[in-house]
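Visitor: I have not seen this structure before. Please show it to me, and then I will ask about its parts.

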Amino acid sequence: MAAPRSAKLVAMICAGVVVTMTGAAFAAVPLYRMFCQVTGFNGTTMKADKASDVVLDRTVNIRFDTNVRGLPMVFKAEQTTQRVRIGETGIAYFDVTNTSDKPILARASYNVVPEQTGAYFQKLQCFCFDDQTIGAGETKQFPMQYFVAPEMVDDPEVDGVTEITLSYTFYPVSEDNASSTGAG
């Protein structure tokens, strides 16, 4: 006895929904990451190709926050704050020490607070762009070059912001998920 035509249609729709949802589940993470990198959503900072041509008199205080998740390392900023003019290129240094007797492969994730400033916090050079290998007992110094885009002063959502906190968290990366290795 053959299934009624409507039952076949329902089965095909259900199969289509399952295939679509499975595809969406695999694509969600890379699509969300791309969305955040393009829009600065959720405090995601931007990657710039060149420094700003415009430097304003207005200044903003940049605070640096460092964290480690699940790694035997010490990670700290050499300076906890910097005052920079908007559009001016700043450079901050971070020290990372592997306290174990084995090499560590790690990556630093990052965001800024207030989140609305993420679209204006531009990084020219950052150790967070690539995975980092730190030898057993080794200490490395990583520079990070950045500027706050002058367009920030025209955004009413960030009007009055005088301080931006840049937060990094180093986390382990497995060899299978490594994007690249090397010095920062």
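**Strands, a serine and a pocket**

Guide: To begin with a strand pair, in this predicted model β6 and strand β10 (residues 163-172) pair in the antiparallel sense over eight bridges.

Visitor: Which residue in β10 does R107 stand opposite?

Guide: β6 spans residues 104-113, and β10 spans 163-172. The two strands pair in the antiparallel sense. In β10, the residue opposite R107 is Y171.

Visitor: What is the order of the five strands in the open sheet?

Guide: The pairing in this sheet is mixed. Its edge strands are β4 (81-85) and β8 (132-134), each pairing on one side only. Neighbouring strands are turned against each other by 35° on average, direction ignored. The order is β4-β2-β10-β6-β8.

Visitor: Why does S109 count as partly exposed?

Guide: S109 is found in strand β6. Partly exposed covers the range between under 20% (buried) and over 50% (exposed) relative accessible area. S109 falls in that range because its relative accessibility is 33%.

Visitor: Which residues does S109 touch, not counting those up to four places away in sequence?

Guide: S109 lies in β6, and β6 pairs with β10, residues 163-172. Leaving out residues up to four places away in sequence, the contacts of S109 are S167, Y168, T169 and Y171.

Visitor: How far apart are the C-alpha atoms of S109 and N67?

Guide: Along the chain, S109 and N67 are 42 residues apart. In space, their C-alpha atoms are separated by 9.7 Å.

Visitor: What volume does the largest pocket have?

Guide: The largest pocket is lined by 18 residues, and R33, Q37, T44, S109 and Y110 lie nearest its centre. α1 (5-39), β1 (46-47) and β6 (104-113) each supply at least two residues of the lining. The volume of the largest pocket is about 600 Å³.

Visitor: How many residues of each class, nonpolar, polar and charged, does the lining of the largest pocket have?

Guide: R33 and S109 are among the residues nearest the pocket's centre. Arg counts as charged, and Ser is among the others, which count as polar. By class, the lining has nine nonpolar, six polar and three charged residues.

Visitor: Which side chains of strand β3 are buried?

Guide: β3 (residues 73-77) pairs with strand β5 (residues 90-98) in the antiparallel sense over five bridges, and M73 stands opposite N98 in β5. The side chains along β3 alternate, with V74 and K76 pointing to one face and not buried. Those pointing to the other face are buried: M73, F75 and A77.

Methods:
Residues are numbered from 1 along each chain as its sequence is written. This is a predicted model: local features need pLDDT of at least 70, side-chain atom pairs count only at pLDDT 80 or more; totals for chains, interfaces and linings use all residues. Side-chain values use heavy atoms; hydrogens and water are left out. On a 1 Å grid over the protein atoms alone, a cavity is a set of points where a 1.4 Å probe fits but cannot get out, and a pocket is an open set with protein on both sides within 12 Å along at least five of seven lines; lining residues have an atom within 4 Å of a point. Grid points are joined across faces, edges and corners, and a volume is the space filled by probe spheres set on the points. Helices (H or I, at least four residues) and strands (E, at least two) are DSSP runs, numbered from the N terminus. Two strands pair if DSSP finds at least two bridges between them. Axes are lines fitted to C-alpha atoms, for helices over the stretch in contact, and angles run from 0 to 180 degrees between N-to-C directions. Buried means under 20% relative accessible area, exposed over 50%, partly exposed in between (1.4 Å probe, protein chains only). Contact means heavy atoms within 4.5 Å.
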